Amino acid sequence: MAIHKLFRLSSLFRSAVSLTLRRNVGLSAVLFNRAKDLDPIQKLFLDKIRDYSVKSKAAAGGIVDAGPSYEKGVSEEITKLQRLYGTGDLTKFTDFKFTEPQLQEVAK
């Protein structure tokens, strides 16, 4: 009976140690990769993300790398929509205002 409990305790101990080692190996692999130079594809990906970040800050809320042809197309589409739906600022979302309906009490 005591040997059975000892084996069961040792299997629990083994699984806990195994889990801890797997977590530590996984963590050390991540830290080891950060210490080394990045994979060329990862480096290219990170460079593109950083480049896009710089360009988006320079665009100040506009479209990144929008050329004159894009701006011309947008202005033509806005002109078409203004002709169809009337004047107004089409770059702004419409403000909806809902009022509560007047309810009448029904006599029983």
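Helices (H or I, at least four residues) and strands (E, at least two) are DSSP runs, numbered from the N terminus. The model is predicted: local features need pLDDT of at least 70, side-chain atom pairs count only at pLDDT 80 or more, and totals for chains, interfaces and linings use all residues. Residues are numbered from 1 along each chain as its sequence is written, and side-chain values use heavy atoms, without hydrogens and water.

**Exercise 1.** Place valine 54 and classify its exposure.

*Solution.* Start with the element: valine 54 sits in helix 2, residues 40-59. Next, take the classes: buried is under 20% relative accessible area, exposed over 50%, partly exposed in between (1.4 Å probe, protein chains only). Valine 54 has 56% relative accessibility, so it is exposed. Last, a distance: valine 64 is 10 residues away from valine 54 in sequence, and their C-alpha atoms are 9.8 Å apart.

**Exercise 2.** Describe the fold pattern and the burial of the protein.

*Solution.* Count elements: 3 helices and 0 strands. The order along the sequence is α-α-α. Then burial: 1% of the 108 residues count as buried. Finally, the exposed area is about 10,900 Å², with 62% supplied by carbon and sulfur atoms. Areas follow the Shrake-Rupley method with a 1.4 Å probe; for residues, only the protein chains shown count as cover.

**Exercise 3.** Which helix holds tyrosine 85, and is tyrosine 85 buried or exposed?

*Solution.* Tyrosine 85 belongs to helix 3, residues 68-85. Its relative accessible area is 67%, so tyrosine 85 is exposed.
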